[in-house]
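Me: I have a chain open here and would like to talk through how its pieces pack. Could we begin with one of the sheets and whatever lies on it?

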Amino acid sequence: MAEAGSFADRVKQQADIVRVIGEYVRLKKSGQNFTGLCPFHGEKTPSFAVHPVKQIFHCFGCGKGGDVFSFVMEMEKCPFPDAVKVVAEKCGIPVPRQKERTPEERKENQQRAALIEIHREAQAFFVRQLESTAEGRAARAYLEDRGLNAETIARFGIGYAPSGGDVLLRQLMPKYAEKLLVESGVISRDQSGARLFDRFRRRITFPIANESGKIVAFGCRALGDDLPKYLNSPETPIYSKSNVLYHMDRAKEPIRRQDFAILVEGYMDAIAVARAGIGNVVASCGTSLAEPQIKLLGRFTKRVIVNYDPDVAGQAATERSLTLLLEHDFEVRVLALPAIGDKKADPDLFIREKGAEAYIKLLKDAPPYVDYLIARARQMDLSTGEGKQRALNFLMPYVQRIPNRLLRSEWATRIAQQLRIDEPVLRAALNKSATERRGEVKVSPQLVGKPAKQIERRLIRMLAEAEGFKKELAQRLQHGRLYEGLETEKVFAALIVAGLSDEPIPATEIGAQLDERERRVFFEILFEDAQEPTWEEAESCLDALRRRQIEQELAKVQKTIEANPSGAGLRELLERKQELMKQLTAAGQPG
Ligand SMILES: [Zn+2]
């Protein structure tokens with residue numbers, strides 16, 4: 001697929017498969033490989049492996065495997081050229097401009113590019129307004145009052161949308177069609193449809209970037225008591241609220257590194273936490289978390305600390321988000337910040353009042369989700385049977401959503417203890433209503449190849465990677481036709497052709513010539529931990545195959561003799577038998 005010298009080939013050479021797959025799957029180093037939970041089938045123990053040297057992946061559970069492109073194709077459900085582009089972009093390799101396939105596509109791409117450009121211009125405009133107008137200076141004073149210094153304002157691209165109502169419009173109008181301006185969401189049309197105006201007026205602006213750092217929307221906070229307090233961009237062709245997490249573009253590396261994320265509600269919270277030196281923070285920018293946002297987050301970590309506002313809406317949002325996170329197998333902790341004086345504290349306020357260190361300490365001690373919920377349940381009146389029933393009814397839906405049976409059981413024990421409910425009674429209730437929501441995928445038996453014998457495995461491994469002697473080995477195997485009749489004959493055949501070629505042929509290309517079952521066996525062998533092969537070992541494997549070959553022929557000759565002891569050609573058969581016995585002795589005993 002990736003022809004030598006082609007752009008795809010170049011991308012493949014430069015791409016680090018561990019990094020690319022690492023954006024989708026949490027990978028841990030394990031020996032020479034990296035392993036993780038397979039994204040293609042549900043599983044609780046990792047059987048998905050990535051080989052950094054061979055640049056291939058393989059799942060020992062469902063059998064999927066291939067190179068970085070096949071991974072992205074499968075993951076993004078996209079065709080090969082798109083996968084090449086995705087990988088190139090992830091690795092910072094400039095993609096040569098291509099002709100779009102259809103006029104509609106070209107139009108769409110042009111529109112997206114123009115919308116991004118409008119956002120870039122609007123962003124520069126808002127920043128200038130904050131810096132250099134009288135109104136902007138008042139806004140800046142307000143920001144400083146909230147503890148945001150010049151460095152933070154610059155770092156997060158905070159700007160100001162003036163009150164005029166058409167200042168931005170006048171700037172953009174000469175360059176863009178009206179329709180496009182309205183589509184961008186930064187400009188609105190009045191109800192009569194006759195007049196255009198700036199959507200954001202007299203507001204602090206926070207640029208919202210997509211995962212790759214391009215500004216696609218704005219979140220805006222009223223400066224005074226204007227309502228609504230927060231006004232964001234509408235859904236546009238480049239922005240969908242449920243697909244974007246604020247600060248994700250910068251948080252993804254720290255999240256991956258630390259293997260957990262802090263989830264807050266608003267951009268001010270995210271900024272406050274990030275300023276405190278905690279980079280792995282994202283904001284849902286809205287009270288409840290949407291499924292695409294969870295999937296986005298899940299590509300980087302499966303562990304999250306939810307730190308939403310402690311008001312009623314925040315509490316409800318927390319509980320809704322938790323439910324979704326649990327369904328997606330996240331390990332969830334909840335940080336409920338203590339009130340400051342009589343004020344309920346969001347992360348922004350808390351860090352301003354108590355400092356970053358106090359926040360970090362609370363973060364470290366954030367209780368698992370179950371404890372948070374139990375604490376909520378215990379606030380109910382537990383002195384009566386009905387009260388306990390209510391508390392249980394509050395907790396039960398959460399428990400049922402935990403896909404992991406073991407974890408569910410742990411929860412049951414804790415709830416029983418904390419609410420002083422008889423554990424067997426609780427378990428009975430739980431079992432009655434619990435249904436397994438997601439089972440492990442059953443591997444279809446026809447995909448499971450018979451395990452190749454040790455000698456075959458070693459030889460396959462050597463043929464694939466013993467640079468010093470794989471050509472010699474291929475010649476010997478071919479010359480003696482030693483691999484014929486082996487379970488893995490086709491794998492050998494493909495490897496021998498590759499071994500005799502002067503061009504290096506990547507494992508994925510060899511795999512592409514095999515059928516699914518054979519490719520699977522081949523990849524499994526490549527992923528085995530194995531010592532460096534030596535020529536001595538290769539020779540002893542060859543000897544073993546030779547003996548096998550002789551033994552097989554011997555058995556055949558013997559059978560023919562026995563079937564027809566007085567037949568013609570008996571003499572030749574006996575001579576052949578004699579000869580084979582001699583060869584077998586010469587080939588030595590299996591050692
Ligand atoms: Zn799998």
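Reply: This is a predicted model. A good place to begin is helix α11 (residues 267-275), which lies across β9, β10 (215-222) and β11 and runs at about 75 degrees to β9.

Me: What is the strand order in the sheet that has β9, β10 and β11?

Reply: The order is β6-β9-β10-β11, in an open sheet of four strands with antiparallel pairing.

Me: And which strands stand at the edges?

Reply: Those are β6 (159-161) and β11 (230-232), and each has a single partner strand, so one side of each is left without a neighbour in the sheet. As for the twist, neighbouring strands of this sheet are turned by 35 degrees against each other on average, if direction is ignored.

Me: How many bridges join β6 to β9?

Reply: Three bridges join β6 to β9 (residues 203-209), and the two strands run antiparallel. Within β9, the residue that stands opposite G159 is T205.

Me: Switching to the other sheet, the one with β1 in it: what is the order there?

Reply: That open sheet has five strands in the order β1-β2-β3-β4-β5, and the pairing is antiparallel. Its edges are β1 (28-30) and β5 (65-66), and because each has a single partner strand, one side of each is left without a neighbour in the sheet.

Me: Which helix packs on that sheet?

Reply: Helix α24 (residues 516-527) packs on it, touching β2, β3 (48-51), β4 (56-59) and β5, and the direction of α24 makes about 110 degrees with that of β4.

Me: What joins β1 to β2?

Reply: β1 and β2 (residues 33-36) run antiparallel and are joined by three bridges. One pairing to look at is K28, whose bridge partner in β2 is T35.

Me: Now helices. Are α25 and α26 roughly parallel or antiparallel?

Reply: The axes of α25 (residues 535-563) and α26 (residues 570-586) come within 10 Å and cross at roughly 155 degrees. An angle over 145 degrees counts as roughly antiparallel, and α25 and α26 are therefore roughly antiparallel to each other. The crossing of α25 with α26 is left-handed.

Me: Which residues make that contact?

Reply: From α25 they include I550, L554, V557 and I561, together with R547, E551 and E553, while the α26 side includes L570, L573, L574, L580 and L584, as well as R576 and K577. By class, the contact of α25 with α26 has ten nonpolar, three polar and five charged residues.

Me: What about α20 and α22, at what angle do they cross?

Reply: Helix α20 (residues 454-465) and helix α22 (residues 489-500) have axes that come within 10 Å and cross at roughly 25 degrees. Angles under 35 degrees count as roughly parallel, and α20 and α22 are therefore roughly parallel to each other. Their crossing is left-handed.

Me: Who touches whom there?

Reply: In α20 the residues are E456, L459, I460, L463 and A464, and they meet V491, F492, L495 and I496 in α22. By class, this contact has eight nonpolar, no polar and one charged residues.

Me: Last one, zooming out: how many helices and strands are there in the protein?

Reply: There are 26 helices and 15 strands. The radius of gyration is 32 Å, well over the 25 Å that the globule rule gives for 591 residues, so the protein is more spread out than a compact globule. Along its principal axes, the C-alpha trace spans about 110 × 70 × 45 Å.

Technical notes: Residues numbered from 1 in each chain as written. Predicted model: local features only at pLDDT ≥ 70, side-chain atom pairs only at ≥ 80, totals over all residues. Heavy atoms only, no water. Axes fitted to C-alpha atoms, helices over the stretch in contact; angles between N-to-C directions. Parallel < 35°, antiparallel > 145°, perpendicular 65-115°, else oblique. Left-handed = near helix turned anticlockwise from the far one by under 90°. Contact = heavy atoms within 4.5 Å. Nonpolar A, V, L, I, M, F, W, Y, C, P; charged D, E, K, R; others polar. Pairing = 2+ DSSP bridges. Rg over C-alpha atoms; globule rule 2.2 N^0.38 Å.
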